[in-house]
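Subject: Structure handover

Hello,

Here is the structure I said I would pass on. Please load it before reading the notes underneath.

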Amino acid sequence: MITASPLNYLFSIGRERRLDEPAWEHLRTADPLATVFHEPGWLDALTAAWPYYRLEWLVARDPDGLLIGAMPVIRSQRYGLSQCLSLPYGAPGTPLAVNGVVRGALLKAWERAAREPLVVRAHVTLFAPPGVELIGTPDGWLPSNRTVETTQLLDLSPGFAHIWSDVFDGGIRRSCAKTEREGVTIHADTDPKSVAALDRLYRAQAGEWRNHTPFPERFLAEVVHRLPDSAMVWRAVHG
């Protein structure tokens, strides 16, 4: 365990195998850096689909033992060697915390874990939404070991009518209307047959991707099963 006291803010960082207390739910709700990949269902799906994945947590607690920060780490252990992933397949494992001091300390603790003996590979993906300052990386990380990537975010809170009229341009709206006239319909469900169809489509495309190891066939089913409020399969059907 590591004790840290920057700016007289006392807390300790340790490792724990389980984290199911209400304080973690509060952190996920309150921290703007939280994503669906911090949800227990996603993490459980990973360990269910990959038998050599083990979930552990870097945890920050105040002197009274109250949880004030945590970071999920997947340990991939095979043949006596280990990978330290936060999280696999580039999903963000950003540390969630009550403030930047705790978040930075958790990230430094992850770096120390990544440099332990027998760890042959380590990566962490950090999520920084618009308007939220990107958390710094620990001292000593070479620029060649860091990359910055951009993704697309669509705010759904204004409602479909606003997005349809103000976000999508006329060409997209005309294409959608033409597709509907040609008999294409959209279906959203969690039916196992839909999950299997998505998995087949994924594998057909993944075979053409470079440097990509397809995930186990049961993974999508585990995600849909363990995230009933967050995961759904959308299908476009012709005829």
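The notes below go from the overall fold to the cores, then to one arginine and one pocket.

Overall. Please keep in mind that this is a predicted model. The protein has 239 residues, 36% of them buried. Its secondary structure consists of nine strands and seven helices. The C-alpha trace spans about 65 × 45 × 40 Å along the principal axes. Taking contacts between residues at least 6 apart in sequence, 67% join residues at least 24 apart.

Cores. The largest nonpolar core contains 33 residues. Trp24, Trp42, Leu46, Trp57, Leu67 and Phe219 have the most contacts inside this core. At least two residues each are supplied by the helices α1 (22-30), α2 (40-49), α6 (192-206) and α7 (219-226), and by the strands β3 (53-61) and β4. Helix α2 gives the largest share, with five residues. A second core, separate from the largest one, has 18 residues, among them Ile68, Val73, Val102 and Val124.

Leu46 is a useful residue to display in the largest core. Apart from neighbours within four places in sequence, Leu46 is in contact with Tyr53, Ile74, Pro88 and Phe219. Of these partners, Phe219 is itself listed among the residues with the most contacts inside the core.

Arg103. This residue sits in helix α3, which covers residues 100-114. Is Arg103 buried or exposed? Its relative accessible area is 9%, and the cut-off for buried is under 20%, so Arg103 counts as buried. As for a polar partner, the Arg103 side chain reaches the backbone oxygen of Pro95 at 2.7 Å.

Pocket. The second largest pocket has a volume of about 340 Å³. Its lining is made up of 16 residues, and those nearest the pocket centre are Tyr53, Gln83, Tyr89, Arg121 and Thr213. Strands β4 (67-78), β5 (81-86) and β7 (119-124) are the elements that give two or more residues to this lining. By class, the lining has seven polar, seven nonpolar and two charged residues.

Two items link the pocket to the largest core. Tyr53, one of the residues nearest the pocket centre, is also a contact partner of Leu46. Strand β4 contributes to the pocket lining and also supplies at least two residues of the largest core.

Regards

Conventions: Residues numbered from 1 in each chain as written. Predicted model: local features only at pLDDT ≥ 70, side-chain atom pairs only at ≥ 80, totals over all residues. Heavy atoms only, no water. 1 Å grid on protein atoms, 1.4 Å probe; cavity = no way out; pocket = protein on both sides within 12 Å on 5 of 7 lines; lining within 4 Å. Points joined across faces, edges and corners; volume = space filled by probe spheres on them. Helix = DSSP H or I, 4+ residues; strand = E, 2+ residues; numbered from the N terminus. Nonpolar A, V, L, I, M, F, W, Y, C, P; charged D, E, K, R; others polar. Buried < 20%, exposed > 50% of the residue type's maximum accessible area, 1.4 Å probe, protein only. Polar contact = N/O pair within 3.5 Å; in protein donor to acceptor, adjacent residues only side chain to side chain. Core = buried A, V, L, I, M, F, W, Y, C linked by side-chain atoms within 4.5 Å. Contact = heavy atoms within 4.5 Å.
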